[in-house]
Amino acid sequence: MPLRTLPESGMLIAVLSIVVGSVALDQITKAIVVANMSPGDSLPFLPGILRLYYTQNPGAAFGSFSEHRWVFLVFSTIAMGVIIWLLVKHYRRHPLLAVSLAAVLGGGIGNLIDRTLNGSVVDFLDFQFVNFAVFNVADIFVTCGSIALAAYILFVEPRVEKRLKAEKEAQEPPCADTKEPSDDGNHSDQG
């Protein structure tokens, strides 16, 4: 059954599954890395493509804000609150919107857990074929969710707005351009 035809309860279950699943996958993979590696350790995973490289990131993306951790914690918490509000208000609007927001929320929560409990985020995925920051599963969800959200805003939202406007107009009674005579009970024959 396509997501578009899921009943409201099915969409809500899908959204919650993405959020909970992404947080769980992120935290499990980080726990495995922490239990089996020390910061700075490196293991080949897909030689020439991807290696496991355990590092701790005290800041935001690419280590930014590392000296102002509290600012980033406040910002992250507010951002998660806004995403939760958007999900509650709009998860029925379109499946792509719901799924993208759920992915960003789940990834954001995964990294927020690390920042809150440990003071830094565990990163361990390192591309070898390109110079890129070390990242984790939560970052994958945030990135993919953000790309999907951008695609929704650019390509889907205009059609959704058009459809919702048409549905609203179809539900409104037609405007009366001509005034019909009223039957007020006064019948007089003039004639």
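**Opening view: the whole chain.** Buried here means under 20% relative accessible area, exposed over 50% and partly exposed in between (1.4 Å probe, protein chains only). This is a predicted model, so local features need pLDDT of at least 70 and side-chain atom pairs count only at pLDDT 80 or more, while totals for chains, interfaces and linings use all residues. Residues are numbered from 1 along each chain as its sequence is written, and side-chain values use heavy atoms, leaving out hydrogens and water. The protein chain carries four helices and three strands (DSSP runs numbered from the N terminus: H or I for helices, at least four residues; E for strands, at least two). Read from the N terminus, the order of its elements is α-β-β-α-α-β-α. Of its 191 residues, 32% come out as buried. Take the contacts (heavy atoms within 4.5 Å) between residues at least 6 apart in sequence: 67% of them join residues at least 24 apart.

**Close-up 1: helix α3, a mostly covered helix.** Of the 24 residues in α3, 17 are buried. From its first C-alpha to its last, α3 reaches 34 Å, close to the 34 Å expected at 1.5 Å a residue (the expected span is 1.5 Å times one less than the number of residues). Just past the helix, look for G119: this residue follows α3 and has a positive phi, near 80°.

**Close-up 2: α3 against α4.** Helix α3 spans residues 95-118 and helix α4 spans residues 137-171; the two pack at an angle of about 155°, with their axes 7 Å apart. (Axes are lines fitted to C-alpha atoms, for helices over the stretch in contact, and angles run from 0 to 180 degrees between N-to-C directions.) That angle makes α3 roughly antiparallel to α4 (over 145 degrees; under 35 is roughly parallel, 65 to 115 roughly perpendicular, the rest oblique). Their crossing is left-handed, as the near helix is turned anticlockwise from the far one by less than a right angle (clockwise would be right-handed). On the α3 side, the contact is made by L96, L97, S100, L101, A103, V104, G107, G108, G110 and N111. On the α4 side, you'll find A138, D139, F141, V142, G145, S146, A148, L149, Y152 and V156. Sorted by class, this α3-α4 contact has 12 nonpolar, seven polar and one charged residues. (Ala, Val, Leu, Ile, Met, Phe, Trp, Tyr, Cys and Pro count as nonpolar, Asp, Glu, Lys and Arg as charged, and the others, Gly among them, as polar.)

**Close-up 3: S100, a buried serine in α3.** S100 sits in helix α3 and counts as buried, at 1% relative accessibility. Setting aside neighbours within four places in sequence, S100 is in contact with G145, A148 and L149. G145, A148 and L149 also appear among the α4 residues that make the contact with α3.

**Close-up 4: α2 against α3.** Helices α2 and α3 pack at about 150°, their axes 10 Å apart, and are therefore roughly antiparallel to each other. α2 passes α3 in a left-handed crossing. From α2, the residues in play are R69, F72, L73, S76, T77, M80, I83, I84, L86, L87 and H90. They meet L97, A98, L101, A102, V104, L105, G108, I109, L112, R115 and T116 in α3. By class, the contact of α2 with α3 comes to 15 nonpolar, five polar and two charged residues.

**Close-up 5: α1 and what it packs against.** Helix α1 covers residues 8-36, 29 residues in total, and reaches 42 Å from first C-alpha to last, close to the 42 Å expected at 1.5 Å a residue. G10, M11, A14, V15, V19, S22, V23, D26, T29, K30 and V33 are buried in α1. The buried residues of α1 pack against β2 (50-57), α2 (69-90), α3, β3 (121-127) and α4. The axes of α1 and α3 come within 8 Å and cross at roughly 30°, so α1 and α3 run roughly parallel to each other. Here the crossing is right-handed. The α1-α3 contact splits into 13 nonpolar, six polar and three charged residues.

**Close-up 6: V137 in α4.** V137 belongs to helix α4 and is buried, with a relative accessible area of 10%. Not counting residues up to four places away in sequence, V137 touches L25, D26, T29, F124 and L125. Two of these partners, D26 and T29, are buried residues of α1. V122 is 15 residues from V137 along the chain, and their C-alpha atoms are separated by 9.9 Å.
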